[in-house]
Amino acid sequence: MKAVTTSPPPDVDVVLPCLDEARALPWVLSRVPAGWRALVVDNGSTDGSADIARAHGATVVTEPRRGFGAACHAGLTAATADVVCFCDCDASLDPALLVPFVREILAGGTDLVLGRRRPQGRGTWPAHARAGNLALARMLRRRTGLRLHDLGPLRAARREALLALGLTDRRSGYPLQMVVRAADAGWRVTEHDVPYLPRTGASKVTGTWRGTWHAVRDMRRVLAEQPDLREETSG
């Protein structure tokens, strides 16, 4: 009988920025594909998120400096895998959806894969947050020529290439800065629809008009960067 051989799982790290996501973590971590490493970046949680993450097999990275970008970049610098993925830790997005993203990166067909969020159910994506995202997508198109519809957090790319972008934003502008600098560097960027589920708990960024405004302000600053500008934008 011929022996059955299987290929080893791809070398992938999943960065999960986390601030008080104890309720969502068990489901999120259960959805990380087998063989991939979950990097939960604790950004100052007070609800025991770090302990829950460890109990579910995740590697915990501590980032005391508050900010979505700070957490994401701490995860990126802690990663060691060839391919690094990013996913929110609030159960609004399923990490298992990253499998075809990684497959596309490894096949060499693209350099950065983004998930275009498709809300599942009323109230999943508040009107003010959706309007802000649409406005940013239009500004991104004018700035880079990329015809994207969403600047969502579900994404995948190669680690060394991401580090070479020299990302500096440590707040809400981080996801956008990644796309802008990737475009400036001539990366191939693709976008795929993904279901967007009702999040667990309240949003730290887009749950209010005020939070959305601060996020848009950070992102407008990123869009104002010139291709050769690499100044600190974390403020």
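**Exercise 1. Work out whether Asp20 is buried or exposed, and where Asp20 lies.**

Step 1: at 30% relative accessibility, Asp20 counts as partly exposed; buried means under 20% relative accessible area, exposed over 50%, and partly exposed in between, with a 1.4 Å probe and protein chains only.

Step 2: Asp20 sits in the loop between S1 and helix H1 (25–30). Helices (H or I, at least four residues) and strands (E, at least two) are DSSP runs, numbered from the N terminus.

Step 3: the phi of Asp20 is near 55°, a positive value in a residue other than glycine.

A note on the input: this is a predicted model, where local features need pLDDT of at least 70 and side-chain atom pairs count only at pLDDT 80 or more, while totals for chains, interfaces and linings use all residues. Residues are numbered from 1 along each chain as its sequence is written, and side-chain values use heavy atoms, with hydrogens and water left out.

**Exercise 2. Do the same for Ala91.**

Step 1: Ala91 belongs to the loop between S4 and helix H4 (98–107).

Step 2: its phi is positive, about 70°, although Ala91 is not a glycine.

Step 3: with a relative accessible area of 10%, Ala91 is buried.

**Exercise 3. Find which residues touch the most other members of the largest nonpolar core.**

Step 1: a nonpolar core is a set of buried Ala, Val, Leu, Ile, Met, Phe, Trp, Tyr and Cys residues joined through side-chain atoms within 4.5 Å.

Step 2: the largest core has 36 residues, and Leu112, Leu162 and Leu176 touch the most other members.

Step 3: among the elements giving two or more residues to this core are helix H3 (68–78), strand S5 (112–119) and helix H7 (174–184). H7 supplies the largest share, seven residues.

Step 4: neighbours within four places in sequence aside, Leu162 is in contact (heavy atoms within 4.5 Å) with Leu76, Val84, Phe86, Ala157, Met178 and Trp187.

**Exercise 4. Describe the lining of the largest cavity.**

Step 1: on a 1 Å grid over the protein atoms alone, a cavity is a set of points where a 1.4 Å probe fits but cannot get out, and lining residues have an atom within 4 Å of a point.

Step 2: the whole structure has one cavity of 30 Å³ or more, and about 60 Å³ of space lies in the largest cavity. Volume here is the space filled by probe spheres set on the points, which are joined across faces, edges and corners.

Step 3: the lining includes Phe68, Cys72, Asp88, Arg155 and Met178. H7 gives the largest share of this lining, three residues.

Conventions. 1 Å grid on protein atoms, 1.4 Å probe; cavity = no way out; pocket = protein on both sides within 12 Å on 5 of 7 lines; lining within 4 Å.
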